[in-house]
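Got your viewer open and a selection box ready? Let's take a short walk through this one, a few helices at a time.

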Amino acid sequence: MYHLFIALQVLGIVLTFGAEVLLLYGDGSREQKLMSCLMGSALVQNAAYLLELTAQTREVALAATKMEYLGASFIPLCYCWFICIYCGEKVPERIFQFLGGIDFLLLGMIFTCDRHNFYYTNVEWVTDVGEHPYLLLTYGPGHHIFLAVAVVIPYPGSWCGKAINFLWYCLCCLSLRF
């Protein structure tokens, strides 16, 4: 099952990279450029997750986990911005600046998690016989803030007016969360 999951992860990275290349070639609109940022963030997150899965030491796995968050932090923000522009509504700039600032603060917290217990209260490297090694993470209050922001960020895009767009948007957000 582990090898199947790694193969699926590689396939996802290759497909995302291919879609990114298709978006980069050609005269793209503003929406296509935002979608490119979204896909770039997803590519960073997926590639880092693959590195975490194949890591053989605690340090490599923790570095890969930090890189995952580099991509994951900006996926909801880019997605929300894309939805606002796609719906033809004015982007709520102050809200985006505030949420983007929180994202950068959380990234700083994630990249310095070795020095404090606010994001992860405990990080263990587990090597069971017969299984692949992995990180066992105990989440702290900083991680709960990250999850709350990741859930809150996409919803300003739902302020783009029309009820049908709002329902479609909610369905998309729910599908991204699971």
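Which residues are buried in H2? Keep in mind as you click that this is a predicted model. Select residues 30–54, which make up helix H2, and color these ones: Leu34, Ser36, Leu38, Met39, Ser41, Leu43, Ala48, Leu50, Glu52 and Leu53 are the buried set. Note that the set includes Ser36, Ser41 and Glu52 alongside the leucines.

Now put a ruler on H2. At 1.5 Å a residue, its 25 residues should span 36 Å, and the end C-alpha atoms are indeed 36 Å apart, so expectation and model agree.

What do the buried residues of H2 pack against? Show helix H1 (2–24), helix H3 (58–72) and helix H4 (75–86): these are the packing partners.

**Next stop: H2 against H3**

Keep H2 on screen and add H3. The two pack at an angle of about 165 degrees, and their axes are 7 Å apart. Angles over 145 degrees count as roughly antiparallel, so that is the label for H2 and H3. Look along the pair and you'll find that H2 passes H3 in a left-handed crossing.

For the side chains, select Ser41, Val44, Gln45, Ala48, Tyr49, Leu51 and Glu52 on the H2 side; they meet Ala61, Ala64, Thr65, Met67, Glu68, Gly71 and Ala72 of H3. Color that contact by class and you get eight nonpolar, four polar and two charged residues. Ser41, Ala48 and Glu52 are worth a second click: they are buried residues of H2 and they also take part in the contact with H3.

**Then H4**

Move on to H4. How many of its residues are buried? The count is 10 of 12, so this helix is mostly covered. To see them, select Ile75, Pro76, Leu77, Cys78, Tyr79, Cys80, Phe82, Ile83, Cys84 and Ile85. The ruler works here too: 12 residues at 1.5 Å each should span 16 Å, and the end C-alpha atoms of H4 are 16 Å apart, which agrees. Just after H4, check the backbone of Gly88, where phi is positive, near 75 degrees.

**Last stop: Ile110**

Jump to helix H5 (residues 93–111) and pick Ile110. Is Ile110 buried or exposed? With a relative accessible area of 1%, Ile110 is buried. Leaving aside neighbours within four places in sequence, the contacts of Ile110 are Lys66, Tyr69, Tyr119 and Phe146. Finish with a distance label from Ile110 to Phe146: they sit 36 residues apart along the chain, with 9.6 Å between their C-alpha atoms.

Conventions
Residues are numbered from 1 along each chain as its sequence is written. This is a predicted model: local features need pLDDT of at least 70, side-chain atom pairs count only at pLDDT 80 or more; totals for chains, interfaces and linings use all residues. Side-chain values use heavy atoms; hydrogens and water are left out. Helices (H or I, at least four residues) and strands (E, at least two) are DSSP runs, numbered from the N terminus. The expected span of a helix is 1.5 Å times one less than its number of residues. Buried means under 20% relative accessible area, exposed over 50%, partly exposed in between (1.4 Å probe, protein chains only). Contact means heavy atoms within 4.5 Å. Axes are lines fitted to C-alpha atoms, for helices over the stretch in contact, and angles run from 0 to 180 degrees between N-to-C directions. Angles under 35 degrees count as roughly parallel, over 145 as roughly antiparallel, 65 to 115 as roughly perpendicular and the rest as oblique. A crossing is left-handed if the near helix is turned anticlockwise from the far one by less than a right angle, and right-handed if clockwise. Ala, Val, Leu, Ile, Met, Phe, Trp, Tyr, Cys and Pro count as nonpolar, Asp, Glu, Lys and Arg as charged, and the others, Gly among them, as polar.
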